[in-house]
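Here are a few exercises to work through with the model open beside you. Try each task before reading its solution.

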Amino acid sequence: MRKIYIFDTTLRDGEQSPGVNLNVHEKVEIGLQLEKLGIDRIEAGFPAASAGDLESVAAVAQAVRNATIVALARSNEKDIDAAREALKQSQDACLHIFLATSPIHRQHKLRMSKEQVLETAEAAIKYGRRYFDKLEFSLEDAGRTELDFICQVTDMAIRAGATVVNLPDTVGYLSPFEYGNIFKTVKETVPDAYKIQLSAHCHDDLGMATVNALAAIMGGADQVEGTINGIGERAGNTALEEVALALETRSEFFGAKTSLVLNEIARTSRLVSKLTGMVVPGNKAIVGANAFAHESGIHQDGMLKEKTTYEIMTPETIGLKESKLVLGKHSGRHAFREKLIDLGYSLSDEQVNAAFKKFKDLADKKKDVVDEDLRVIVEEKLITTPEVYVLDAFQISYGTQSVPTATVRIQSEDGQIIEEAAIGNGSVDSIFKAIDKATGEEIELEDYTIKSISHGKDALGEVHLVMRQGEISVQGRGVSTDILEASAKAYVHAINRLIDKRKSVNHNRNNMVLS
Ligand SMILES: CC(=O)SCCNC(=O)CCNC(=O)[C@H](O)C(C)(C)COP(=O)(O)OP(=O)(O)OC[C@H]1O[C@@H](n2cnc3c(N)ncnc32)[C@H](O)[C@@H]1OP(=O)(O)O
Ligand SMILES: CC(C)C(=O)C(=O)O
Ligand SMILES: [Mg+2]
């Protein structure tokens, strides 16, 4: 199987992401993790850019011993000298020189003719080779360069001493077919192309950075350049984890492999995200939080029966523990039951069905149903107090200038609907007073607490209250994403428990009288 060399430019092109600025320590930390990941070549920076970048490249070159350390330079002696200075402690160094070759860049940016581009690049490569055995030359904006000129520059670069020639799609312009064809053409046309390595460097402006890198491999590229999490200039670079996993998962198709230590990918991704401050989107391939998470019932059922139904690679491959079955409104009974077993509940089919119905009602209101929500659902369901009254609906009228008024609709045991309204000292008080009227109970509220039992803006609120009627004291509990609803539920729950307790107290009294 053909080996594809991996050239990581997280510390150089990745750092060119607007808003990203890594200090020396952070660069070294990432460099060491890239070494663990088995990256072949690490581009540590652009030493001519600043004294800080020169220092960072030198620090990475000193710390990382098991990868080639690369430093970038423009095609001039000053930049190359800065790279020399930065890499002088390196065990295995590579100089990376670039010059743009496309008509747009030649005319507007460099203001050079084709001949001047050839001469400038040749002089720089020759100067660089005086000091470096390994030298990569990049034809910046090769993607928009005339194909015959790409071949001409590549030919010149090889003769001048480049060991790697990089053909970047600098502005993410090409389709996979076109990009792959450049490599195929260079291989077929440039006589000495077989003596050096050809490299692909893609940007994601049209969302094709990964597929273009793969097309380059199919066209004959020996090396792929990119970054962790695909960070980089504008829309970013090829995400290296995507290329590595595409080659691993579809090795029979590509016939090529990297030597990355794949189970270091998740760790590397998290570190780069943490230190650059660039959050990885949930749906990002390979390393996004949802890449191995399943929410819909049909998929979860498939996953529980056989993981390959919905996973083409395993989370363990990239160093994650396991796939996640996320419960939400699209989930089904199979996953729900499995989750309850995980949480330590052993319920009958009937109990699972009843709890599942409550779960679906909650999932309609709440984005993420977390373990704590499920515990509440199950435990509420298992504590069975006869429901003499059920809260059917309530409405609140409230304003800073008006007295809060609540209207409640309550269904009694015999199916009768009772509607009552009341005013109170606040929204909760008015609801409680309306419930008192509807149930005809006279109650003293002894305690009322409210707390959030799950996270986020749509967290569940749990109301706990203690009420007394004569000698009988009971507790009530209500849970909802709305605290007023949780309060009303807790109050009705407590009244039902009060009626239940009153019945058993009376029953015991009667028994005592009889005996
Ligand atoms: C595709 C890429 O990612 S290329 C790498 C891009 N990365 C960076 O630019 C980050 C680091 N850059 C920097 O810190 C600065 O741009 C520096 C220090 C390199 C140069 O700064 P300045 O001297 O102020 O020049 P400035 O950046 O404004 O302009 C770039 C100059 O380099 C020239 N230039 C651009 N590419 C090359 C090249 N490959 N070889 C030689 N000269 C080049 C431009 O034509 C321009 O020259 P001019 O001043 O004669 O018009
Ligand atoms: C410096 C070169 C390789 C580059 O980053 C690009 O062309 O995108
Ligand atoms: Mg780039």
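**Exercise 1.** In which strand does Gln469 lie? Then work out how exposed Gln469 is and what it touches.

*Solution.* Keep in mind that this is a predicted model. Start with the address: Gln469 sits in strand S17, which covers residues 461–469. Next, count neighbours: 17 other C-beta atoms lie within 10 Å of Gln469. Buried takes 20 or more and exposed takes 12 or fewer, so Gln469 comes out as partly exposed. Now look for contacts, leaving out residues up to four places away in sequence: Gln469 touches Glu441, Glu442, Ile443 and Leu498. Finally, check Glu444: its C-alpha atom is 6.4 Å from that of Gln469, although the two are 25 residues apart along the chain.

**Exercise 2.** Take helix H1 and compare its reach with the expected one, then find what its buried residues pack against.

*Solution.* H1 runs over residues 24–37, 14 residues in total. From first C-alpha to last, H1 reaches 20 Å, close to the 20 Å expected at 1.5 Å a residue. The buried residues of H1 are Lys27, Val28, Ile30, Gly31, Gln33, Leu34, Glu35 and Leu37. Their packing partners are two strands, S2 (5–8) and S3 (41–45), and two helices, H2 (51–63) and H11 (265–276). Step past the end of H1 and you meet Gly38, with a positive phi near 85°.

**Exercise 3.** Describe the shell around ligand 1.

*Solution.* Count first: 15 residues surround ligand 1, and the closest are Phe46, Ala49, Arg74, Ser75 and Leu99. Then ask which elements give two or more residues to that shell: they are strand S5 (93–100) and helix H4 (103–110). Sorting by class gives six nonpolar, four polar and five charged residues.

**Exercise 4.** Split the protein into domains, then examine where domain 2 meets domain 3.

*Solution.* The division gives domain 1 (2–276), domain 2 (293–382) and domain 3 (389–511). Over C-alpha atoms, the centres of domain 2 and domain 3 are 31 Å apart. Their contact draws nine residues from domain 2 and eight residues from domain 3. On the domain 2 side, helix H15 (residues 371–382) supplies the largest share, four residues. By class, that side has two nonpolar, no polar and seven charged residues.

As a last step, turn to the record: an unreviewed UniProt entry annotates residues 4–266 as "domain: Pyruvate carboxyltransferase". In the model, the end C-alpha atoms of that span lie 21 Å apart, and the span is 44% helix and 18% strand.

How values were computed: Residues are numbered from 1 along each chain as its sequence is written. Chains are lettered from A and ligands numbered from 1 in the order in which they are written. This is a predicted model: local features need pLDDT of at least 70, side-chain atom pairs count only at pLDDT 80 or more; totals for chains, interfaces and linings use all residues. A residue is near a molecule or strand if its C-beta atom, placed from the backbone, lies within 6 Å of it. Ala, Val, Leu, Ile, Met, Phe, Trp, Tyr, Cys and Pro count as nonpolar, Asp, Glu, Lys and Arg as charged, and the others, Gly among them, as polar. The expected span of a helix is 1.5 Å times one less than its number of residues. Two residues are in contact if their C-beta atoms, placed from the backbone, lie within 7 Å. UniProt positions are given in the numbering used here, feature names are shortened, and annotations may be inferred rather than shown by experiment. Domain bounds come from an automatic or database domain assignment.
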